[in-house]
Amino acid sequence: MACRGNPRERCGGFWRMSVYKILNAVTQVPDGQMEALVTKYAPKVWLARGEQYKPSSVDFHLRNVKVYGGGRVYSSTASTLSSCSTSCYMSSNQRLSHASATLSFFSGEPVGPTRQPPVYAVWKRINSVTTDIFYWMFYPYNRGKRVCIGFRAWGSCIGGYSTFGHHVGDWEHMTARLVGNQPSSIYVSAHNFGGKYDWDAASQTYKKGGDTVRTEGTHPVLYSAKGSHGLWSNPGTHTYEKILKIEKLQDETSTGTVWNTWRNVPCIKYHPGGGYTGSWSWLNYQGRWGNRKDGCTVEKLSGECILNDGPVSINDRDAMKYNNLD
């Protein structure tokens, strides 16, 4: 574009816009700067009041389980865990006496001002300017939901209650999408579903319709459901499914113990084919992270066993392979 006449009058606007575009061009953040951004956007998680099943490190869990697969039984650390196969599974060192039984290590590790269990961050390049950061949170145990297995009449349960959906090992996550070094959106997971919240710069929050994830500084504030650890945007009761036609599955969230995840957030770049080494070798593991299912006499009716299989490994999950935030 050629400017004629007085450049201050004819070209000033074009010049200012060109300078603005140059100064504000979005570029990919170098790998060496990602650790700082991982820390900057890590979530603040409120564990529920009275939470008995707190988070832990992978190492803590591995000290309390063995891996079964391929005719082998072996113990592991995070650095020596075999990739194994999808048919492998972990099982508690101490046998569960029944499907609802609990063990001491299910309570996880302390969460407090001086000690924070790790959150495992895996960051992934989406395109030349966009990066997703997966914040994976591990709990040794997920407590299921108590429901009426008979029928309800006059406000009472006829036939008794049972609790379904326990499982040893529990992975939950939040994904933060950055364009350059700025927030674009987050994905908040709850069990096997979740939702995308878009960044709203005016309010400094993330929004999904009328639902809002507020922030504290740069950190999204989330609420972990009591016992089952699904992540939600606010405290309260959250109904997410019905079983046996009339029974509601609900998560309860509240401001109990705060988990400032940025205080202990190791991070690594995503490798789609595995090949992680050292303290990240556990990410190559392909099997399940807990005991096999048990107490399944009413599984056809409820869709759940009393004790479900442990969760699948995370590196090959759809959340990591595909882009929930697209």
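Colleague: In what order do the strands of the open sheet of 3 strands lie?
Modeller: Keep in mind that this is a predicted model. The pairing in this open sheet is antiparallel. Its edge strands, each pairing on one side only, are strand 3 (72–74) and strand 4 (89–92). Read across the sheet, the order is 3-2-4.

Colleague: By how many degrees are neighbouring strands of this sheet turned against each other on average?
Modeller: The sheet has 3 strands with antiparallel pairing. With direction ignored, the average turn between neighbours is 30 degrees.

Colleague: How many bridges join strand 2 to strand 4, and which residue of strand 4 does K66 stand opposite?
Modeller: Strand 2 covers residues 65–69 and runs antiparallel to strand 4. The bridges that join these two strands number 4. Across in strand 4, the residue opposite K66 is S91.

Colleague: Which ring does R72 lie over?
Modeller: Strand 3, an edge strand of the sheet, spans 72–74. R72 sits 4.6 Å from the centre of a ring, over its face. That ring belongs to Y74.

Colleague: Is the disulfide of C84 and C88 left-handed or right-handed?
Modeller: The sulfur atoms of C84 and C88 are 1.7 Å apart. C84 is buried at 18% relative accessible area, and C88 is buried too, at 3%. The angle about the S-S bond is -70 degrees, and the link is left-handed.

Colleague: What is the relative accessible area of each cysteine in the disulfide that joins C296 to C305?
Modeller: This is one of the 2 disulfides in the structure, with an S to S distance of 2.0 Å. The link is right-handed, with 110 degrees about the S-S bond. C296 counts as partly exposed and C305 as buried, because buried means under 20%. The values are 25% for C296 and 0% for C305.

Colleague: Which side chain makes a polar contact with the side chain of H238?
Modeller: H238 belongs to strand 19 (residues 236–243), and this histidine is buried at 11% relative accessible area. A polar atom of the H238 side chain lies 3.0 Å from the backbone oxygen of N234. The side-chain partner, also given at 3.0 Å, is T253.

Colleague: How many residues apart are Y120 and W171, which form an aromatic pair?
Modeller: Among the 17 aromatic pairs, this one is edge-to-face, with 6.4 Å centre to centre and 65 degrees between the planes. Y120 is buried at 9% relative accessibility, and W171 is buried at 4%. Y120 lies in strand 5 (residues 120–125) and W171 in strand 11 (residues 167–179), so the pair links distant parts of the chain, and the separation is 51 residues.

Colleague: Y120 also pairs with W280; how far apart in sequence are the parts tied together by this pair?
Modeller: Y120 and W280 are both buried. Their rings meet edge-to-face, 6.0 Å centre to centre and 80 degrees between the planes. Y120 lies in strand 5, while W280 is in the loop between strand 22 (267–269) and helix 5 (299–302), so the parts tied together are 160 residues apart.

Colleague: Which residues do ring pairs link into a cluster?
Modeller: Y120 has an edge-to-face pair with W171 and another with W280. The cluster linked by ring pairs is made up of Y120, W136, F138, W171, W280, W282, Y285 and W289.

Key
Residues are numbered from 1 along each chain as its sequence is written. This is a predicted model: local features need pLDDT of at least 70, side-chain atom pairs count only at pLDDT 80 or more; totals for chains, interfaces and linings use all residues. Side-chain values use heavy atoms; hydrogens and water are left out. Two strands pair if DSSP finds at least two bridges between them. Axes are lines fitted to C-alpha atoms, for helices over the stretch in contact, and angles run from 0 to 180 degrees between N-to-C directions. A disulfide is a pair of cysteine sulfur atoms within 2.5 Å. Buried means under 20% relative accessible area, exposed over 50%, partly exposed in between (1.4 Å probe, protein chains only). A polar contact is a pair of N or O atoms within 3.5 Å; within protein, one must be able to donate a hydrogen and the other to accept it, and residues adjacent in sequence count only if both atoms are side-chain atoms. Rings of Phe, Tyr and Trp (its six-membered ring) pair if their centres lie within 6.5 Å; planes under 30 degrees apart count as stacked, over 60 as edge-to-face and the rest as tilted. A charge sits over a ring if NZ of Lys or CZ of Arg is within 6 Å of the ring centre and within 35 degrees of the ring normal.
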